[in-house]
Amino acid sequence: MTPAPAQSAQQARADLTGCPWHDVKAKLREVGLRPTRQRMALGWILFAKGDRHVTAEMLYEEATHAKVPVSLATVYNTLHQFTEVGLLRQVAVDGSKAYFDTNNSEHYHFFIEDRHDLIDIPSSDVVVGKAPTPPEGYEIDRIDVVVRLRRKPR
Ligand SMILES: [Zn+2]
């Protein structure tokens with residue numbers, strides 16, 4: 001199916017560079033997600049800018065700015081769907097906000113508390129000590145490390 005973009009979608013495409021439409025489509029197909037118009041548009045916005053960390057609110061704002069007609073609920077659902085199939089990684093920072101990472105390779109994060117900003121730490125820079133023994137019947141899926149930063153007092 002070739003996308004037949006409405007005028008608003010064309011505007012959205014003009015705002016984005018670097019990631020051809022068919023790449024997003026291929027990405028979605030590869031993980032078994034139907035490339036609906038909304039997934040395509042959100043995938044385009046998400047993946048066209050390289051590795052980054054977004055919240056649902058940030059992506060919603062970008063979509064609105066790019067004139068992509070989606071609701072915040074759709075953005076949430078899409079982010080969770082993308083995470084379930086491994087296109088995104090959820091980063092647990094605190095209970096109030098979920099951050100989604102377009103870099104799904106193994107790495108850790110600095111979290112700058114006063115800016116609510118995540119910065120990647122290469123996994124080679126952090127050595128996780130002895131992993132705990134998981135409860136009976138479980139295995140460790142992965143270990144997340146978030147190093148929280150605050151500004152030094154002057
Ligand atoms: Zn990251």
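In this predicted model, histidine 107 in strand 4 has proline 122 in strand 5 as its bridge partner. That pair belongs to a set of six bridges joining strand 4 (residues 107–112) to strand 5 (residues 117–122), and the two strands run antiparallel. Together, strand 4 and strand 5 form a hairpin, with four residues between them. Within the turn, histidine 116 has a positive phi of about 50°.

Strand 4 also pairs with strand 6 (residues 146–149), through four bridges, and here the direction is parallel. Phenylalanine 111 stands opposite arginine 148 of strand 6. Strand 4 thus takes part in an antiparallel pairing with strand 5 and in a parallel pairing with strand 6. In general, strands of a sheet pair through backbone hydrogen bonds, in either a parallel or an antiparallel manner.

Three other strands form an open sheet with antiparallel pairing, in the order 1-3-2. Its edges are strand 1 (53–54) and strand 2 (89–92), each of which pairs on one side only. Strand 1 is joined to strand 3 (residues 98–101) by two bridges, and the two run antiparallel. In one of these positions, histidine 53 has aspartate 101 of strand 3 as its bridge partner.

These strands can now be placed along the chain. The chain contains five helices and six strands. Read from the N terminus, the elements follow the order α-α-α-β-α-α-β-β-β-β-β. Of the 154 residues, 19% count as buried. Among contacts with a separation of 6 or more, 46% involve residues 24 or more positions apart.

Helix 4 (residues 56–65) illustrates how burial is distributed over a single element. Its residues Ala56, Leu59, Tyr60 and Ala63 are buried. Viewed down the helix axis, the buried residues of helix 4 fall within an arc of 100°, and therefore they line one face of the helix. Glu57 and His65, on the other side of helix 4, are exposed. The partners of the buried residues are helix 3, strand 1 and helix 5, against which they pack. After helix 4 comes lysine 67, which has a positive phi near 60°.

Helix 3 and helix 5, two of those partners, also meet each other. The axes of helix 3 (residues 37–47) and helix 5 (residues 72–84) come within 11 Å and cross at roughly 75°. This angle makes helix 3 roughly perpendicular to helix 5. On the helix 3 side, the contact involves Gln38, Arg39 and Leu42; on the helix 5 side, it involves Thr74, Val75 and Thr78. By residue class, the contact of helix 3 with helix 5 comprises two nonpolar, three polar and one charged.

The loop between helix 2 (21–30) and helix 3 holds glycine 32. Is this residue, glycine 32, buried or exposed? Glycine 32 is exposed, because only 12 or fewer other C-beta atoms within 10 Å are allowed for that class, and glycine 32 has 7. Glycine 32 and valine 85 are 53 residues apart in sequence, yet their C-alpha atoms are 8.2 Å apart in space.

Technical notes: Residues numbered from 1 in each chain as written. Predicted model: local features only at pLDDT ≥ 70, side-chain atom pairs only at ≥ 80, totals over all residues. Axes fitted to C-alpha atoms, helices over the stretch in contact; angles between N-to-C directions. Parallel < 35°, antiparallel > 145°, perpendicular 65-115°, else oblique. Contact = placed C-beta atoms within 7 Å. Nonpolar A, V, L, I, M, F, W, Y, C, P; charged D, E, K, R; others polar. Pairing = 2+ DSSP bridges. Buried ≥ 20, exposed ≤ 12 C-beta atoms within 10 Å, placed from the backbone. Arc of directions from axis to C-beta.
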